[in-house]
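Thanks for coming, everyone. Please pull up the structure on your screens, and we will walk through it together.

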Amino acid sequence: MRQAGRYLPEFKAMRAEHDFFKVCQTPELACEITLQPIRRFELDAAIIFSDILVIPQALGLEVIMVPGKGPTFPDPINTPEDLKRLNESVDVSTSLKYVFDAITLTRHKLEGKVPLIGFAGAPWTLMGYCIEGGGSPTHAKSKRWLYAHPEESHRFLSILTRVIIDYLIQQVLAGAQLLQVFDSNAERLGYDTFMTFALPYLQQIASGVKEGLKQKGVQLVPMIVFAKGANYALKELSEIGYDVVQLSWTVRPEQARHETTDVTLQGNLDPCAMYASPDRIGELVLQMLKEFGTQKLIANLGHGVYPDFNPDHVKAFIDAVHHHSEQLNSLSEDNS
């Protein structure tokens with residue numbers, strides 16, 4: 001969850017010299033940033049450095065990174081008529097080749113030390129950015145579409161879904177060994193709108209990627225879904241074809257275990273726990289692992305690393321996960 005990037009001094013040094021999307025579009029730079037936390041921490045996987053908004057860019061929309069504001073669309077999608085601006089026939093193998101080149105280069109540089117994760121934003125989250133023109137505290141503009149333009153909303157979501165499926169398949173072909181789909185703005189939806197405008201497309205992505213890989217004779221890779229804040233739909237999220245369901249810190253482990261079917265869970269320590277002392281972080285990790293149990297769990301934060309985190313505290317989290325999980329598993333083996 002943002003293990004590379006804005007809190008690391010080595011990342012800040014690189015960003016001082018290069019535009020954000022220039023880094024994403026330069027395989028050597030994206031590879032270097034992906035490797036920075038792997039060199040610093042004993043992480044169990046690397047995640048390719050990129051951004052979910054490369055897909056709107058591939059569809060023909062301009063996205064820029066504005067200092068102090070974040071990703072911005074100078075000319076967002078305002079009306080259903082604007083959907084004509086999207087390049088629906090986009091060939092991601094060409095337009096997003098820089099991502100695939102970064103993945104292949106990074107796989108070689110990792111030399112098998114840890115697996116490499118690829119990712120994409122989910123249709124609803126990308127739709128929200130395209131309409132809002134950036135981040136939003138309410139997503140009122142994009143939610144308005146769901147109520148005022150439901151047919152056009154489904155058309156927009158379908159366009160995004162097709163591109164996402166192709167994009168994720170190409171990531172596996174390039175060397176990604178696990179895929180994660182981020183529906184970061186799911187928390188803006190209620191149960192009914194999520195079930196209508198988000199979950200069906202998440203399911204299409206899982207089935208579409210798997211079918212596409214089978215057709216190409218490529219071994220399937222595990223897939224993670226993270227619908228941030230969709231705590232009302234944990235059961236449904238565990239039943240749509242993903243191997244792992246990522247949880248935000250607002251979900252109790254007991255609730256998550258009870259409501260999900262046979263999937264691995266990922267999460268879910270509050271990111272702000274990184275402001276605690278290293279000893280306290282260790283205590284919180286132990287509590288989390290005891291509540292989840294150490295099996296079928298990918299220990300992680302419940303969302304991303306913040307820019308002002310102390311890297312030493314992130315290290316304390318990672319080290320505590322390894323230490324306490326090994327101890328708990330050892331105790332479990334002794335008791336059996």
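One term before we start. Helices and strands here are DSSP runs, with at least four residues for a helix and at least two for a strand, and they are numbered from the N terminus. Keep in mind that this is a predicted model.

Let's begin with Gln 3. Where does Gln 3 sit? Gln 3 is in the segment before α1. Is Gln 3 buried or exposed? Its relative accessibility is 14%, so Gln 3 counts as buried, because the cut-off for buried is under 20%. The side chain of Gln 3 reaches the backbone oxygen of Ala 45, at 3.0 Å. Leave aside residues up to four places away in sequence, and Gln 3 touches Leu 8, Pro 37, Ile 38, Leu 43, Ala 45, Ala 46 and Ile 47.

Now the sheet. It is an open sheet of 7 strands, with parallel pairing. Read the order with me: β1-β4-β5-β6-β7-β8-β9. Which strands stand at the edges? They are β1, residues 46–47, and β9. Each has a single partner strand, so one side of each is left without a neighbour in the sheet.

Let's step along part of that order. Strand β6 covers residues 223–227, and β6 pairs with β7 in the parallel sense over 2 bridges. Look for Val 225 there: its bridge partner in β7 is Val 245. Next pair. Strand β7 is residues 244–246, and 3 bridges join β7 to β8, again running parallel. Here Gln 246 has Gln 266 in β8 as its bridge partner. Between these two strands the chain crosses through α13, and this β-α-β crossover is right-handed.

Stay with β8. How many of the 6 residues of β8 are buried? The count is 6 of the 6, so β8 is largely enclosed by the rest of the structure. On to β9. Strands β8 and β9 run parallel and are joined by 5 bridges. Asn 268 pairs with Asn 300 in β9 as its bridge partner. And there is a helix in this step too: β8, α14 and β9 make a right-handed β-α-β unit.

So let's look at α14 itself. This helix has 15 residues. From first C-alpha to last, α14 reaches 21 Å, close to the 21 Å expected at 1.5 Å a residue. Its buried residues are Ile 281, Gly 282, Leu 284, Val 285, Met 288, Leu 289 and Phe 292. Look down the axis of α14: the buried residues fall within an arc of 165°, so they line one face of the helix. What do they pack against? The partners are α13 (253–259), β8, β9 and α15. Turn to the face away from that buried side, and you find the exposed residues Asp 279 and Lys 290. Just after α14 comes Gly 293, with a positive phi of about 85°.

That brings us to α15, residues 311–335. At 1.5 Å a residue, its 25 residues should span 36 Å, and the end C-alpha atoms are 36 Å apart, which agrees. At the start of α15, a side-chain oxygen of Asn 310 comes within 2.8 Å of the backbone nitrogen of Asp 312. Buried residues in α15 include Phe 317, Ile 318, Val 321 and Leu 328. What covers the buried residues of α15? The cover includes α1 (9–15), α3 (27–40), β8 (264–269), α14 (278–292) and β9 (297–301).

One residue of α15 deserves a stop: Ser 325. Ser 325 is buried, with a relative accessible area of 17%. Its side chain reaches the backbone oxygen of Val 321 at 2.6 Å. Beyond four places in sequence, Ser 325 touches Leu 289, Thr 294 and Ala 320.

Last stop: Ile 103, in helix α6, residues 97–110. Ile 103 is buried, at 0% relative accessible area. Setting aside neighbours within four places in sequence, Ile 103 is in contact with Ile 48, Leu 116, Gln 171, Ala 174, Gly 175 and Ala 176. Now find Thr 34. Thr 34 is 69 residues from Ile 103 along the chain, yet their C-alpha atoms are separated by 9.5 Å.

That is the tour. Over to you for discussion.

Terms used
Residues are numbered from 1 along each chain as its sequence is written. This is a predicted model: local features need pLDDT of at least 70, side-chain atom pairs count only at pLDDT 80 or more; totals for chains, interfaces and linings use all residues. Side-chain values use heavy atoms; hydrogens and water are left out. The expected span of a helix is 1.5 Å times one less than its number of residues. Buried means under 20% relative accessible area, exposed over 50%, partly exposed in between (1.4 Å probe, protein chains only). Contact means heavy atoms within 4.5 Å. A polar contact is a pair of N or O atoms within 3.5 Å; within protein, one must be able to donate a hydrogen and the other to accept it, and residues adjacent in sequence count only if both atoms are side-chain atoms. The arc is that of the directions from the helix axis to the C-beta atoms. Two strands pair if DSSP finds at least two bridges between them. A crossover is right-handed if, with the strands pointing away from the viewer, the path from the first strand over the helix to the second runs clockwise.
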